[in-house]
Amino acid sequence: MGMRGFFMVSIVLCTLLCYCKSDEQRVELSRDELLEIENQLMRLNKSSIKAIKTQHGDIYDCVGFYEQPAFDHPLLKDHKYDFQMKPSSRPNSMVREDRPPKNVQQVSINSELNGEKCPIGYVPIRRTTKEDLIKAKLFTKSYTSRINSPPTLHHAIVSTRPNPTKKYNGGGTVASLYTLYNVADSQYTFGRMKLQNGLDIIQAGWGVNPSVYGDNKTRIFIYFQAGQLSCFNTVCPGFVLVDPQPLIDMYLRETHPGDIPTWEIPIKIYRDQITGNWWLEMGKDLTQTGYWPSSIFSGGLKDLATYVEWGGETYSPLGQIGPPMGSGLFLKGNSHYDAYCRVMTTIDEAYNQVDVKNTEISSIDIDFYLVRDWGFVNDDFRRSMTYGGPGPR
């Protein structure tokens, strides 16, 4: 092998085995983690019986319910779950979520896929290579290590005020989404809802994440942290898929500030009163996508959430131009240009879904990322907030 070939191999190995952050700390995968990835890839490929291609080119493999990565979690080895599971009940809704405002369209799973889905007993996992799994694992480890670590991580959010006597069975929102091109390989930008209790976290929303996907496409994502264990999307243990239609990781249509209609996605996360599982519903029809089993949480979200927030989050290594957030524009006071979360709700201890009350706003850098809490707007938008900006230049 010539010197040129030697250096090329070295570069590839470095890319796959480590993620170097701006603070010079290195995130690496252990030999056991690499072996786990090999076994996971082999199992997924062996179990797949059908492939579904979305309108935007993503391919999802239909794998056996019990072969999905969720059950690699050590606390789910002796699982008592099945693909027909449903929540024992849904929260009592006191707000309307099924009526979008004029000139607004909601992401619909059925329309995106023309009704195509996996056979009974199978669930959709976005087709991944070994390199994809390695990148996802590295990003998850680096994200978890830097969460809540300014100055490289920025947020513009509305949240519930700290209250030691207040707990939540979940929350919801309807979030607008945008296509954002100016996000570099080592950056990301998210618009999401987050629930937390102690070290335990659940998030769901949309984002642009070149570190994982290698592109600037807007996609749906989920994330959880249970103590020291964390996971993005569905290629690692924890989140149990039950819906036979693809949703997580899905590439969403292009949409830009000022476009008519404005595109948005409803999100609801709630705790099952009997099992304690945290269920995720997303899309126009609030499809029951899957759940985070209560058994993966050792504390915190083993109980109810103590904190809920809505808004945007970005990351950029020191010295780089910051990524855009929301629509990428400073707030204009116009819902066709500003990224928003409307119908912001919490699910109280009595299991009622209500408009959020007693909120506060926070932005790490008000020079580049703005946030506004609009309070109760009208019957369509109800409790709403807007956020976003172009990022540091």
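A salt bridge is taken here as a side-chain nitrogen of Lys or Arg within 4 Å of a carboxyl oxygen of Asp or Glu. The structure is a predicted model, in which local features need pLDDT of at least 70 and side-chain atom pairs count only at pLDDT 80 or more, whereas totals for chains, interfaces and linings use all residues. Residues are numbered from 1 along each chain as its sequence is written, and side-chain values use heavy atoms, with hydrogens and water left out.

The structure holds 16 salt bridges. One of them joins aspartate 58 to arginine 219, with the closest N and O atoms 2.8 Å apart. Aspartate 58 lies in the loop between strand 3 (50–53) and strand 4, and arginine 219 in strand 12 (residues 219–226), so the pair ties together parts that are 161 residues apart in sequence; helices (H or I, at least four residues) and strands (E, at least two) are DSSP runs, numbered from the N terminus. Both aspartate 58 and arginine 219 are buried, where buried means under 20% relative accessible area, exposed over 50%, and partly exposed in between (1.4 Å probe, protein chains only). The two residues also belong to a network of salt bridges that links Asp58, Arg126, Asp215 and Arg219.

Two further salt bridges connect helix 2 with helix 4. In one, the closest N and O atoms of lysine 141 and glutamate 33 are 3.3 Å apart; because lysine 141 lies in helix 4 (residues 130–146) and glutamate 33 in helix 2 (residues 31–47), this pair ties together parts that are 108 residues apart in sequence. Lysine 141 is partly exposed, with a relative accessible area of 29%, while glutamate 33 is buried at 16%. In the other, glutamate 36 pairs with lysine 137 at 3.9 Å between the closest N and O atoms, linking positions 101 residues apart in helix 2 and helix 4, respectively. Glutamate 36 is partly exposed at 31% relative accessibility, as is lysine 137, with a relative accessible area of 23%.

The largest nonpolar core, a set of buried Ala, Val, Leu, Ile, Met, Phe, Trp, Tyr and Cys residues joined through side-chain atoms within 4.5 Å, comprises 73 residues, of which Ile269, Trp278, Leu280, Trp292, Phe297 and Tyr387 touch the most other members. Strand 15 (residues 262–271) supplies the largest share of this core, five residues. A second, separate core of 21 residues includes Phe139, Ile147, Phe190 and Val235.
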